[in-house]
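Reader: I'd like to go through this one with you, starting with the cross-link and then the empty spaces. Can you take my questions one by one?

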Amino acid sequence: MDEVQSRKLHHIEVALDPRVDFEDNCSDLYREIQLVHRAFPGFELGDVDSSLEFLGYRLEAPLMITGMTGGHPSLTGINRALAELAEKKRVAIGVGSQRAIVTSGFREDVVASYRVVRDVARDVPVIGNIGLNTLNDVEYDTIVKLVEVLEADALAIHLNPAQEVIQPEGDTRFNHRLLEKVRELVKTLGKPVIVKEVGNGLSMETVKVFHDAGVRIYDVAGACGTNWALVEALRNQPGTPRYECGIMLAKWGIPTPLSVIETRFTATDSFIIASGGVWDGFKAAVNIVLGADMAGLAKPLLKKLLKEGLKQAETYLDTYVFELKTAMFLSGARTLRELREAPVILGGRVTGIMLQRGIDPATYLRQVRRGF
Ligand SMILES: Cc1cc2nc3c(=O)[nH]c(=O)nc-3n(C[C@H](O)[C@H](O)[C@H](O)COP(=O)(O)O)c2cc1C
């Protein structure tokens with residue numbers, strides 16, 4: 001087992017530890033974002049349609065199981081189970097970083113641990129995954145091959161500088177010249193490129209540079225769910241600079257709903273996935289009203305699967321979609337388009353932050369509702 005493979009296994013173990021979540025999953029912030037209750041929706045719960053089109057597939061719900069794993073034969077079973085869930089519930093699915101395929105020299109069993117996702121999830125979008133910093137070392141043709149071996153419908157490029165700083169074997173080469181590589185991939189890959197964070201959120205400054213490079217799909221992965229700086233901190237010895245600094249990053253980042261606002265404000269024409277602690281259907285609804293097109297989730301599904309089994313993981317997804325449909329019903333939204341138009345009340349903390357970031361809340365909400 002090489003170093004990349006064994007790190008993937010260790011990550012799963014540490015990531016499931018509740019100590020590595022952002023405090024309270026931003027419940028204080030979500031309390032400041034209220035959908036308005038509609039006592040007379042004007043239709044029946046059964047009329048609610050949460051389906052949408054994404055990357056050429058019709059999905060039952062605006063949801064993606066975002067990239068987590070792959071890279072070691074013992075992870076094939078996890079990816080197979082996640083893919084079964086995605087296919088059955090008709091939601092999108094991503095794989096974890098495909099770097100292990102490169103470091104293993106495209107070894108068959110390593111490729112198979114990712115490829116199983118496409119083999120099982122035939123009728124939903126499957127998303128490849130690579131770190132932006134990995135583009136420093138990997139040839140363009142190799143990236144094309146990573147997409148091909150997965151028959152991926154899109155490639156997610158993840159930005160994880162906070163994680164890399166704290167990771168004992170971290171790679172912090174997030175140089176400006178990488179933007180040229182992204183621009184090249186957008187132009188010639190033949191599949192859409194998604195830019196995603198891993199849990200510290202995308203700001204308008206970050207989105208702006210990738211939007212200029214041609215990227216039109218973003219997964220905000222905001223600071224409300226899994227905190228990768230904390231995951232990496234726990235992989236260091238207490239008292240060492242990386243451990244102590246990692247603990248200091250417990251609250252670092254842009255909370256998910258604010259990151260959705262910053263991303264939509266900057267990339268008005270793009271498809272936006274709200275993830276990072278979006279662990280129930282009500283939070284998904286709130287983020288869609290704020291400007292997201294879809295929700296994404298990672299850790300809680302993996303945790304259900306590993307601790308309680310496939311059936312409970314399926315029930316979790318059923319509950320999630322039921323919550324989302326309930327939020328739509330009680331907001332008077334029959335479709336996701338109507339959900340986007342639903343009224344929302346923002347508390348002073350949220351509007352204050354928006355104003356400081358140069359976003360006028362009333363104008364923003366009007367534009368989000370009507371389209372920019
Ligand atoms: C065990 C685990 C492994 C992950 N590995 C990757 C990865 O390889 N590439 C990536 O882009 N994101 C990775 N992520 C990040 C998720 O895709 C997601 O952005 C992040 O966990 C926030 O979502 P959550 O709060 O629902 O967990 C991983 C998450 C988990 C829990």
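**Cross-link, annotated site, pockets and cavities**

Author: Sure, and keep in mind that this is a predicted model. With -100 degrees about the S-S bond, the link of Cys 26 and Cys 224 is left-handed.

Reader: How far apart are the sulfur atoms of Cys 26 and Cys 224?

Author: A disulfide needs its two sulfur atoms within 2.5 Å. Cys 26 and Cys 224 form such a link, with a sulfur separation of 2.0 Å.

Reader: How many residues apart are Cys 26 and Cys 224 in the chain?

Author: Cys 26 sits in the loop between helix 1 (3-15) and helix 2 (27-31). Cys 224 is in the loop between strand 9 (217-219) and helix 10 (228-233). The pair therefore ties together distant parts of the chain, and the spacing is 198 residues.

Reader: How many disulfides does a search of the whole structure find?

Author: The search covers the whole structure. Cys 26 and Cys 224 form a disulfide, and the total found is one.

Reader: Is Cys 224 buried or exposed?

Author: Buried means under 20% relative accessible area. Cys 224 has 0% relative accessibility, so by that cut-off Cys 224 is buried.

Reader: And Cys 26, buried or exposed?

Author: The cut-off is again under 20%. Cys 26 has a relative accessible area of 11%, so Cys 26 also counts as buried.

Reader: What about Cys 245: buried, exposed or partly exposed?

Author: Buried is under 20% and exposed is over 50%. Cys 245 comes out at 35% relative accessibility, so the class for Cys 245 is partly exposed.

Reader: Which residue is covered by the UniProt annotation "binding site"?

Author: The annotation comes from an unreviewed UniProt entry. The residue in question lies in helix 7 (residues 161-166) and is buried, with a relative accessible area of 8%. The "binding site" annotation covers Glu 164.

Reader: Which residues is Glu 164 in contact with, leaving aside its neighbours within four places in sequence?

Author: Contact here means heavy atoms within 4.5 Å. With the sequence neighbours set aside, the partners of Glu 164 are Asn 133, Gly 170, Asp 171, Thr 172 and Phe 174.

Reader: On to the pockets. Which residues are closest to the centre of the largest pocket?

Author: The largest pocket has a volume of about 770 Å³. Its lining counts 46 residues. Closest to the centre are Lys 8, His 158, Gln 163, Val 198 and Trp 228.

Reader: Which element gives the largest share of the lining of the largest pocket?

Author: Several elements supply at least two residues each, among them helix 4 (99-103), strand 6 (126-131), helix 7, strand 11 (294-297) and helix 14 (299-308). The lining divides into 14 nonpolar, 22 polar and 10 charged residues. The largest share, six residues, belongs to helix 1.

Reader: Which element gives the most to the lining of the second largest pocket?

Author: The second largest pocket holds about 380 Å³ of space, and of its 21 lining residues, Leu 159, Pro 161, Phe 174, Thr 206 and Phe 210 are closest to the centre. Helix 7, helix 8 (178-188) and helix 9 (204-212) each supply at least two residues. The most, three residues, come from helix 9.

Reader: How do the residues of that lining divide into nonpolar, polar and charged?

Author: Among the residues closest to the centre of the second largest pocket are Leu 159 and Phe 210. For its whole lining, the split is 13 nonpolar, seven polar and one charged.

Reader: Now the cavities. Which element gives the most to the lining of the largest cavity?

Author: The search finds two cavities of 30 Å³ or more, and about 60 Å³ of space lies in the largest. Its 13 lining residues include Met 64, Gly 67, Ile 127, Ala 156 and Lys 196, which lie nearest the centre. Strand 6 and strand 8 (193-196) give two or more residues. The most, three residues, come from strand 6.

Reader: And which element gives the largest share of the lining of the second largest cavity?

Author: That cavity has a volume of about 40 Å³, and its lining has five nonpolar, no polar and two charged residues. Helix 12 (256-266) and helix 17 (348-356) each supply at least two of them. The largest share, three residues, is from helix 12.

Notes: Residues are numbered from 1 along each chain as its sequence is written. This is a predicted model: local features need pLDDT of at least 70, side-chain atom pairs count only at pLDDT 80 or more; totals for chains, interfaces and linings use all residues. Side-chain values use heavy atoms; hydrogens and water are left out. Helices (H or I, at least four residues) and strands (E, at least two) are DSSP runs, numbered from the N terminus. Buried means under 20% relative accessible area, exposed over 50%, partly exposed in between (1.4 Å probe, protein chains only). UniProt positions are given in the numbering used here, feature names are shortened, and annotations may be inferred rather than shown by experiment. On a 1 Å grid over the protein atoms alone, a cavity is a set of points where a 1.4 Å probe fits but cannot get out, and a pocket is an open set with protein on both sides within 12 Å along at least five of seven lines; lining residues have an atom within 4 Å of a point. Grid points are joined across faces, edges and corners, and a volume is the space filled by probe spheres set on the points. Ala, Val, Leu, Ile, Met, Phe, Trp, Tyr, Cys and Pro count as nonpolar, Asp, Glu, Lys and Arg as charged, and the others, Gly among them, as polar.
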